[in-house]
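Me: I am new to this structure and should be grateful for a close look at one part of it. Please choose a single strand, explain what surrounds it, and follow its connections into the rest of the chain.

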Amino acid sequence: MEKAKYIWLDGDFIPWDEAKVHILTHTLHYGLGVFEGIRAYHCHDGRTAIFRLKEHIQRLYDSAYVMQVAIPFPKAQVEEACVEILRKNEQKEAYLRPLVFIGDGAMGLNPGDNPIRVSIISWLWGAYLGDEGLIKGIRLKTSAFTRHHVRIMMTKTKTVGNYVNSILAKREALQAGYDEALLLDTEGYVSEASGENIFMVKDGLLRTPPLTSILPGITRDSLLTLARDMGIPVRERKFSLDDLYLADEAFLSGTAAEVTPVREVDGRIIGSGTRGPLTEKLQSTYFDVVKGRNTTYQRWLTFV
Ligand code: PMP
């Protein structure tokens, strides 16, 4: 990772190399923290725009609320810091990572009154599943690990500890020679990938699992809005692996992965084995929106 100049930590911009924490940092031991992943794009007119900043910061505060972690800064200040860090780091394009964590103090599972700390890191992050993946599609493997049950983890939150499940699945997929892992829910229905939501297309219908036990992806929401506005029929309902194997097209959505086509699942070629036509249409519309070329959705952009 290429270092930037500054990291925002607890209200101040400090030099990248000085953004350190004590080894007793509670989150480091027990995994209770919440975070976000946000992208800022270099727009066609030379400006930089953060995509759906308000919604990401709202989700950060929602995750923290559910987890009973009281963020000691007003939402507006964290939003402003996301804008400011791009200016300070002179970045035209970046991935932003706000992280809320429990600092050092008491050990043991009850963090007591340990300080709640907040950092924002910005760095350059290319296509998460590769440039080639965006065009040709990626290979997905169903994981032996199940997605969290709603009584085990708060699946609608972006909680640090939730991601151990994702790491296990991702590693398993990579070790088997695949690009990304698909997780099933506790009933065996398709839920989401290790860090992305999933969509499939069958007979012109765009399908995605409902928000029952998955992260409410902001990219997912954006694509559903775009699809509905384009007159594409959409259905948010559970589907199974055989539905997915028989799909005409499939793709993943996420801030990091953007809109990444899926060309194979568990050795079954999906559709024509390349990026499908509807996937391509939604992907190009998405990029037009995030890069400010499509002004219909400018309400989603925060210009830096
Ligand atoms: N599911 C999981 C588990 C994720 O980590 C992510 C990435 N934040 C997503 C879905 C997609 O969410 P978003 O589109 O908001 O980035």
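**Strand S5 and its surroundings**

Reply: Among contacts in the chain between residues at least 6 apart in sequence, 70% join residues at least 24 apart. The model is a predicted one, and the chain has eight helices and 17 strands. Its radius of gyration is 19 Å, close to the 19 Å that the globule rule gives for 304 residues, so the chain is as compact as a globular protein of that length. Along the principal axes, the C-alpha atoms fill a box of roughly 55 × 45 × 30 Å. Of the 304 residues, 53% are buried.

The part chosen here is strand S5, which comprises residues 48-51. In a regular strand, side chains alternate between the two faces of the sheet. In S5 both faces are covered: Thr 48 and Ile 50 are buried on one side, and Ala 49 and Phe 51 are buried on the other.

The strand partners of S5 come next. Strand S4, residues 38-42, runs antiparallel to S5 and is joined to it by three bridges. Within this pairing, Ala 40 stands opposite Ile 50. S4 and S5 form a hairpin with five residues between the strands, and in this hairpin Gly 46 takes a positive phi near 95°. S5 is also joined to strand S17, residues 301-303, again by three bridges and in antiparallel fashion. The bridge partner of Phe 51 in S17 is Leu 301.

Phe 51 leads from the strand to a helix. The structure holds 11 aromatic pairs. A pair of aromatic rings is described by the distance of the centres and the angle of the planes. Phe 51 and Tyr 286 form one of these pairs, with 5.6 Å from centre to centre and 85° between the planes, an edge-to-face arrangement. This pair links distant parts of the chain, since Phe 51 belongs to strand S5 and Tyr 286 to helix H8, 235 residues apart. Phe 51 has a relative accessible area of 4%, which is under the 20% limit, so the residue counts as buried. Tyr 286 has a relative accessible area of 2% and therefore also counts as buried. Ring pairs extend this link into a cluster of Phe 51, Tyr 286, Phe 287, Tyr 297 and Trp 300.

Helix H8 itself covers residues 277-290. At 1.5 Å a residue, its 14 residues should span 20 Å, and the C-alpha atoms at its ends are 20 Å apart, which agrees. An α-helix has 3.6 residues a turn, so residues three or four places apart point the same way. The buried residues of H8 include Leu 278, Leu 282, Thr 285, Tyr 286 and Val 289. Phe 287, a member of the ring cluster, is buried in this helix as well. Just after H8, Gly 292 takes a positive phi of about 75°.

From Tyr 286 the path continues to a second helix. Leaving aside neighbours within four places in sequence, Leu 223 is in contact with Tyr 286, and also with Phe 199, Phe 251, Ser 253, Val 259 and Leu 282. Leu 223 lies in helix H6, residues 218-229. With a relative accessible area of 0%, Leu 223 is buried. The C-alpha atoms of Leu 223 and Thr 285 are separated by 9.0 Å, although the two residues are 62 apart along the chain.

Two of the contacts of Leu 223, Phe 199 and Phe 251, are themselves buried. Their ring centres are 4.8 Å apart and their planes are at 10°, so the pair is stacked. This pair, too, links distant parts of the chain: Phe 199 is in strand S11, residues 197-202, and Phe 251 is in strand S14, residues 249-254, 52 residues apart.

In summary, S5 is bridged to S4 and to S17. Through the ring of Phe 51 the strand is linked to Tyr 286 in H8. Tyr 286 is in turn in contact with Leu 223, a residue of H6. Leu 223 also touches Phe 199 and Phe 251, which lie in S11 and S14.

Note on methods. Residues are numbered from 1 along each chain as its sequence is written. This is a predicted model: local features need pLDDT of at least 70, side-chain atom pairs count only at pLDDT 80 or more; totals for chains, interfaces and linings use all residues. Side-chain values use heavy atoms; hydrogens and water are left out. Buried means under 20% relative accessible area, exposed over 50%, partly exposed in between (1.4 Å probe, protein chains only). Helices (H or I, at least four residues) and strands (E, at least two) are DSSP runs, numbered from the N terminus. Two strands pair if DSSP finds at least two bridges between them. The expected span of a helix is 1.5 Å times one less than its number of residues. Rings of Phe, Tyr and Trp (its six-membered ring) pair if their centres lie within 6.5 Å; planes under 30 degrees apart count as stacked, over 60 as edge-to-face and the rest as tilted. The radius of gyration is taken over C-alpha atoms; the globule rule is 2.2 Å times the number of residues to the power 0.38. Contact means heavy atoms within 4.5 Å.
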